[in-house]
Amino acid sequence: MNFFEQQDQARQKTWLLIALFAAAVVGIIGLTVLLMAASVWGFEVWSAADVSGRGNQFNWTVIAKTAFAVIAVVACVIFFKRLQISQGGHAIADMLGGRPVEHGSDDPNEQRLLNVVEEMAIAAGLPVPPVYIMNETTINAFAAGFSDSDAVIGVTRGTLERMSRDQL
């Protein structure tokens, strides 16, 4: 297994996931607008067809306002989440309830994890990132940050207790 090839594949998959996420957001906006348009059109057909004869037309103003409102809500959520995570990997680890692992920890599992992270960073030619532990019994881990300088590694307690050094 070549570490650098794995890194390139991970970057490619990240861009694919970003594209799929963007497509999902656009799809949600489109479906919301379509559902609203169908609801408004159906209501107008039911309530106004006999009075004005407008039952066969879409109300484009309502559709445009709905689209704008949904896009505005999505844009606000994206803006605030981006602002939240722009503080770097530390902010993400803190949001997930992680606590930093200190060098010289009394816990042998934590010290083993720090050693593995140090070895991997040296092998990759990267700075050693801070390591965070989340008190969860599940097996999970993540790397977060926008650059090498603000990256962190997060690992659950279950990962430390259940995995060997080689698995870590």
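1. Start with helix α4, residues 108-124, which lies across three strands: β1, β2 (131-134) and β4. Its direction makes an angle of about 140° with that of β2. Keep in mind as you look around that this is a predicted model.

2. Now for the sheet under discussion. It is an open one made of 4 strands, and if you walk across it you meet them in the order β1-β2-β4-β3. The pairing is mixed. At the edges sit β1 (99-100) and β3 (141-144), each with a pairing partner on one side only.

3. What does "mixed" look like in practice? Compare the two sides of β4. On one side, β2 and β4 run parallel and are joined by 4 bridges. On the other, β3 and β4 (residues 152-156) run antiparallel, and 4 bridges join them.

4. You can pick out individual partners in the picture. Ile133 stands opposite Val155 in β4. From β3, Phe142 faces Gly154 in β4, while Ala143 has Ile153 as its bridge partner in β4. One general point to try out here: in a regular strand, side chains alternate between the two faces of the sheet.

5. Is β4 mostly covered or mostly open? It is mostly covered, with 4 of its 5 residues buried. For the chain as a whole, 26% of the 168 residues count as buried.

6. Step back for the overall layout. The chain has 5 helices and 4 strands. Reading from the N terminus, the elements come as α-α-α-β-α-β-β-β-α. Among contacts with a separation of 6 or more, 47% are between residues 24 or more positions apart. The accessible surface is about 11700 Å², and carbon and sulfur atoms make up 64% of that.

7. On to the charged side chains. Opposite charges can pair when their charged atoms come close. How many salt bridges does the structure hold? There are 5.

8. One of them is easy to find: the side chains of Asp8 and Arg11 meet with an N to O distance of 3.6 Å. Both residues belong to helix α1 (residues 3-48), and because they are 3 residues apart there, about one helical turn separates them. Neither end of this pair is buried: Asp8 is partly exposed at 43% relative accessible area, and Arg11 is partly exposed too, at 48%.

9. Next, look at Arg157, which forms a salt bridge with Asp107 at 2.8 Å, N to O. Asp107 is in the loop between β1 and α4, whereas Arg157 is in helix α5 (residues 157-162), so this pair ties together parts that are 50 residues apart in sequence. Asp107 counts as partly exposed, with 23% relative accessibility. Arg157 is buried, at 16%.

10. Arg157 has another partner as well. Its side chain meets that of Glu110 in a salt bridge of 2.7 Å, N to O. This pair also links distant parts of the chain, with Glu110 in helix α4 and Arg157 in helix α5, 47 residues apart. Glu110 is buried, and its relative accessibility is 4%.

11. Which residues make up the network around Arg157? Arg99, Asp107, Glu110 and Arg157 are linked by salt bridges into a network. Try showing these four side chains together, with helix α4 in view, and recall that α4 is the helix that lies across β1, β2 and β4.

12. Finally, have a look at Asp150, in the loop between β3 and β4. Is it buried or exposed? Asp150 is buried, yet it has no salt bridge. Its nearest side chain of opposite charge belongs to Arg82, 9.2 Å away. A salt bridge needs the nitrogen and oxygen within 4 Å, so Arg82 does not qualify as a partner.

13. So what does Asp150 touch? Setting aside neighbours within four places in sequence, Asp150 is in contact with Gly88, Gly89, His90, Ala144 and Gly145. Compare that with Glu110, another buried acidic side chain, which does have a salt bridge, with Arg157.

Methods: Residues are numbered from 1 along each chain as its sequence is written. This is a predicted model: local features need pLDDT of at least 70, side-chain atom pairs count only at pLDDT 80 or more; totals for chains, interfaces and linings use all residues. Side-chain values use heavy atoms; hydrogens and water are left out. Two strands pair if DSSP finds at least two bridges between them. Contact means heavy atoms within 4.5 Å. Axes are lines fitted to C-alpha atoms, for helices over the stretch in contact, and angles run from 0 to 180 degrees between N-to-C directions. Buried means under 20% relative accessible area, exposed over 50%, partly exposed in between (1.4 Å probe, protein chains only). Accessible areas come from the Shrake-Rupley method with a 1.4 Å probe; for residues, only the protein chains shown count as cover. Lys and Arg count as positive and Asp and Glu as negative; His and the chain ends are not counted.
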